[in-house]
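Please examine the sequence and the model shown here. The paragraphs after them explain how the chains are built and where they meet.

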Amino acid sequence: MKNSIKLIAIICTAIIFVTANMAMAQKAGGPWTIPAASKSMKSTIKAGDASINTVGKENFNKHCKSCHGAKGLGDGPKAANLKTSTGDFSTAKFQASTDGELYYMSFIGRDEMPNFEKKIIDVADRWAVIGYIRTLKK
Amino acid sequence: MKNIYITLRISALMILTLLLIKSTAIAQEEATQDTTVQEPTVERPVRPAFESGLLFDATTTTVQPSKTLEFILQHRFGYMDTEKYAKDFFGIWGASNIRVGLNYSFTDKLTVGIGTTKMKRLQDLQIKYKVLEQTRSNSMPVTVVVHEVIGVDARDASIWDQNEGSPAYKFSNRISYFTEVIVSRRFNDNLSLQAGGAFTHYNCVDSVYDHDRISLSFAGRYKFSPQGSVIVAGDFPLDITGIKDFKKDASATTIIYDKPNISIGVEISTSTHAFQIYLASAQGILPQEDVMWNNHDFFKGGIMIGFNLTRLWNF
């Protein structure tokens, strides 16, 4: 009798273990609240500047790739651990953001998106990263 | 001997004071008919010469931005058995040394750190101050940093009371000092080099050994990929008769500690971490230990595997 109860308990536990499915889907991040002064910021480097594919790319790979993925598709190795989806930089909607909006989202951040002001201190280097993010559009 | 030590310490303190006096920015103004004052040119500092403030056991000229906490783990496995390398699995099964430390940047130029090391139970306090910073315009071609490590040997007091006739134990016996000036240059995005001079002092040593030592250090890194570098460093104690205490009539079995510490390895850096894995010849970890107490020759099998790990938090 005791053995039967033990066996039933084990089978029930096994069934629950295999079938129980807690919701683990990521949520898309909501709209950003960006100050008007930040939205209107303009890049200090021109499109096509040489630093975009050197400094910009290198800093993106070092600081951003692990969550956002090599092409900014939101498929970096750490992305799955986050509660918020890391978005897709290649979409037209994302690329329609102003320079200032991209700068604010990238360097000021919010919630799970860290502040990177102390990681990339030089302002021109930051704009090089934004310039590189612009090259990721489809 | 004591007079020379006092003179050297006073000289070092005077040099340190002079270097710490801030110089004002040089403003550019042109004498024109126009009455508007031109804004002084803002000098942009170069990107850091090294990925981390630590390279093997050496401090680099990289100072983290203010309000940054850095966790440091330095591990040294045992020396490899040069006759049967597999016997102790290349030193991995041998007697190891480890240091755990924390550094905090109070300002963009000043970092203070504490740490604890297994061998000799050394507790350390470290201060690093960036005196000059290399600029992108090359108006300042190098970065200069001053660095102080105060070590306290926390072993039992009986260590200093082993011979009849030796002076009574005092707390100051435990203390050692390492004072250095480091100069670095970031040549380009791939190559950075640094060189330094240091003065090491141990308050209390066995009668046949030196209290003081002057050393030169060199370090460099070459980036072979966006996150990977080859790293090399060496600390070379100098043989200066004027500050030597070593007695010529010491017995033939006395170990002579005068070998340089050479390290070579690879560094992988990410946004928050730096990992270094390497071969080194000194096991002391604290720089004064490496300079004063190394008798292993890197080129004659006196090597061990080591790894460092640093992690940054920005507040």
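The account below begins with chain B, continues with the helices of chain A, and ends with the contact between the chains.

The model is predicted. In chain B there are two helices and 14 strands. Twelve of these strands, in the order E3-E4-E5-E6-E7-E8-E9-E10-E11-E12-E13-E14, form a closed barrel with antiparallel pairing. Within this sheet, neighbouring strands are turned against each other by 20° on average, direction ignored. Chain B comprises 315 residues, of which 35% are buried. Among its contacts with a separation of 6 or more, 59% link residues that are 24 or more positions apart.

Several pairings show how the barrel is assembled. Strand E8 (residues 175-186) of chain B runs antiparallel to strand E9 (residues 191-202) of chain B, and eleven bridges join them. The connection from E8(B) to E9(B) is a hairpin of four residues. Across this pair, Thr179(B) has Phe199(B) of E9(B) opposite. On the next step, E9(B) pairs with strand E10 (residues 212-223) of chain B, again in the antiparallel sense and over eleven bridges. Here Ser192(B) has Arg221(B) in E10(B) as its bridge partner. Further along, strand E11 (residues 228-237) of chain B is paired with strand E12 (residues 261-269) of chain B over eight bridges, in the antiparallel sense. One position to inspect in this pairing is Gly234(B), which stands opposite Ile262(B) in E12(B). As background to such strands, side chains in a regular strand alternate between the two faces of the sheet.

A single residue offers a local view. Ile127(B) belongs to strand E6 (residues 122-132) of chain B. Is Ile127(B) buried or exposed? The residue is classed as partly exposed, because 14 other C-beta atoms lie within 10 Å; a buried residue would require 20 or more, and an exposed one 12 or fewer. When neighbours within four places in sequence are left aside, Ile127(B) is in contact with Val112(B) and Glu148(B). Ile255(B), by contrast, is separated from Ile127(B) by 128 residues in sequence and by 32 Å in space, C-alpha to C-alpha.

In chain A, attention turns to helices. Helix H1 (residues 2-19) of chain A has 18 residues and should therefore span 26 Å at 1.5 Å a residue; its end C-alpha atoms are 26 Å apart, in agreement. H1(A) is hardly covered, since the count of buried residues among its 18 residues is zero.

Helix H7 (residues 123-134) of chain A has a number of buried residues, namely Arg126(A), Trp127(A), Ala128(A), Val129(A), Ile130(A), Gly131(A), Tyr132(A) and Ile133(A). The twelve residues of H7(A) reach 17 Å from first to last C-alpha, close to the 16 Å expected at 1.5 Å a residue. The cover over its buried residues includes H3 and helix H6 (99-108) of chain A.

Helix H3 (residues 55-63) of chain A packs against H7(A) at an angle of about 80°, with the axes 7 Å apart. H3(A) is therefore roughly perpendicular to H7(A). H3(A) contributes Val55(A), Gly56(A), Lys57(A), Asn59(A) and Phe60(A) to the contact, while H7(A) contributes Asp125(A), Ala128(A), Val129(A), Gly131(A), Tyr132(A) and Ile133(A). By class, these residues are six nonpolar, three polar and two charged.

Finally, the two chains meet in a contact that takes nine residues from chain A and eight residues from chain B. The side of chain B that touches chain A consists of two nonpolar, five polar and one charged residues.

Note on methods. Residues are numbered from 1 along each chain as its sequence is written. Chains are lettered from A and ligands numbered from 1 in the order in which they are written. This is a predicted model: local features need pLDDT of at least 70, side-chain atom pairs count only at pLDDT 80 or more; totals for chains, interfaces and linings use all residues. Two residues are in contact if their C-beta atoms, placed from the backbone, lie within 7 Å. Ala, Val, Leu, Ile, Met, Phe, Trp, Tyr, Cys and Pro count as nonpolar, Asp, Glu, Lys and Arg as charged, and the others, Gly among them, as polar. The expected span of a helix is 1.5 Å times one less than its number of residues. Axes are lines fitted to C-alpha atoms, for helices over the stretch in contact, and angles run from 0 to 180 degrees between N-to-C directions. Angles under 35 degrees count as roughly parallel, over 145 as roughly antiparallel, 65 to 115 as roughly perpendicular and the rest as oblique. Two strands pair if DSSP finds at least two bridges between them.
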